[in-house]
Amino acid sequence: TMSNRSLQSQLEDFSDPRSQCFLCARNLTSLEATDEHVIPQWAQRRYDLWNQRLVLANGTDIPYRQLTVPCCGECNKYRLKPIEDSLSQTVESGRDAVLALGPKVLFIWLGKLFYGVLYKELMLLSDRTDQNKPTIISEEFIRGYRMHRFFLQQARDLVELRNFNPGSLFVFDAQPLTQPRMEWDFTDNIETLFLGVRVGKVALLASMADGGAQQYVEDIYRDFYSLALHPIQIRELCARISYRSTLATRTPKYISIASATPQETYQMPLGGFSSKPLFEEWQQGEYAQFLSHYTGLPLEDIYKPPDTVISWLRDDDWRPRKMPFTEFPILPGGA
């Protein structure tokens, strides 16, 4: 068995990221070395994504087909592939089928996407024309995501989360569109650990590390579970969930029992001894900046100070708005 201390120290070793497995951190010189596609190959095939490009933290972009990270054979074939197969087989069936996979599988899948992008940025130079330049993100920066990588060890059965999820996850139905390429949309925010993925007939939006705080206010999204969402409605929800995560007043704290295998990990109660609300007060002006970012629309087109922000989610009577793509054939600017 691996003690908590030795597992953590292994997961925080980034001395040679190119020759270590991005998931388990073991050295690949004595293990079968493979490349793990951060954006899964099944999704790249199904949604015609090989030439789609992801913008990295330094403003450069990289084709999805080149977005690979080093991975040992065991993690690739026996730990991650079953999870990819589960998603591949359910995302065309809709929200209920995806939710039936359970939060553990969904958090590992989203967590792999999120962490895989970070790991790639640790391997790439910020300026590829100058070998003396630092990498896009530093070892110190990625160590800030140590708990995220620790929770990913659930895929290896080394860690078990007892009665909690590391974040808040929302799954919505997404409208079928006219081209496969339109049925994929990926957006992340590394500061707020937010990830939004529209894949097939579902959209999975997650605040990955809020300790479930947003799940407590899930009622505010409940009206939209009955809709098949338009792409711009999905991006509006991305803006809402990502912005709300900046308002969180709690930092989750954990206890891990090192003697157990898998290591049992518990989250301390989010409320603690404080009577302070879980979130600071919502500011429409700040939110409007998030909405502009996620939709690609100019701030002045969506925000009328001091507190009027456009919404595609509700009509004038406050009912959930149905927006057939055939009638509103618009895609977000970032999509």
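User: How far does helix α10 reach from its first C-alpha to its last?

Analyst: Keep in mind that this is a predicted model. Helix α10 covers residues 284-295, twelve residues. At 1.5 Å a residue you'd expect 16 Å, and the span in the model is close to that, reaching 16 Å.

User: Which residue follows α10, and what's its phi?

Analyst: Right before that point, the helix still has buried residues, including Tyr294 and Thr295. The residue that follows α10 has a positive phi, near 75 degrees, and that's Gly296.

User: What do the buried residues of α10 pack against?

Analyst: The buried set is Tyr287, Ala288, Phe290, Leu291, Ser292, Tyr294 and Thr295. One of them, Phe290, also belongs to a core of 34 residues, along with Ala203, Tyr221 and Phe279. As for packing partners, the buried residues sit against β7, β8, α9, α11, β13 and β14.

User: Which element gives the most to the largest nonpolar core?

Analyst: That core has 59 residues, with Trp109, Leu110 and Val199 among those with the most contacts inside it. Several elements supply at least two residues each, including α2, α3, β8 and β9. The top contributor, with 13 residues, is α5.

User: Which residues does Val199 touch, leaving out those up to four places away in sequence?

Analyst: Val199 is one of the residues with the most contacts inside the largest core. Its partners are Trp42, Tyr47, Val91, Trp109, Glu183, Trp184 and Leu204.

User: Is Ile255 buried, partly exposed or exposed?

Analyst: Ile255 is in strand β11 and joins Ile257, Tyr266 and Met268 in a nonpolar surface patch. Its relative accessible area is 44%, so Ile255 counts as partly exposed.

Note on methods
Residues are numbered from 1 along each chain as its sequence is written. This is a predicted model: local features need pLDDT of at least 70, side-chain atom pairs count only at pLDDT 80 or more; totals for chains, interfaces and linings use all residues. Side-chain values use heavy atoms; hydrogens and water are left out. A nonpolar core is a set of buried Ala, Val, Leu, Ile, Met, Phe, Trp, Tyr and Cys residues joined through side-chain atoms within 4.5 Å. Buried means under 20% relative accessible area, exposed over 50%, partly exposed in between (1.4 Å probe, protein chains only). Helices (H or I, at least four residues) and strands (E, at least two) are DSSP runs, numbered from the N terminus. Contact means heavy atoms within 4.5 Å. The expected span of a helix is 1.5 Å times one less than its number of residues. Patches are made of residues with over 30% relative accessible area and no salt bridge: like charges are joined within 9 Å, nonpolar side chains (Val, Leu, Ile, Met, Phe, Trp, Tyr) within 5 Å. Accessible areas come from the Shrake-Rupley method with a 1.4 Å probe; for residues, only the protein chains shown count as cover. A salt bridge is a side-chain nitrogen of Lys or Arg within 4 Å of a carboxyl oxygen of Asp or Glu.
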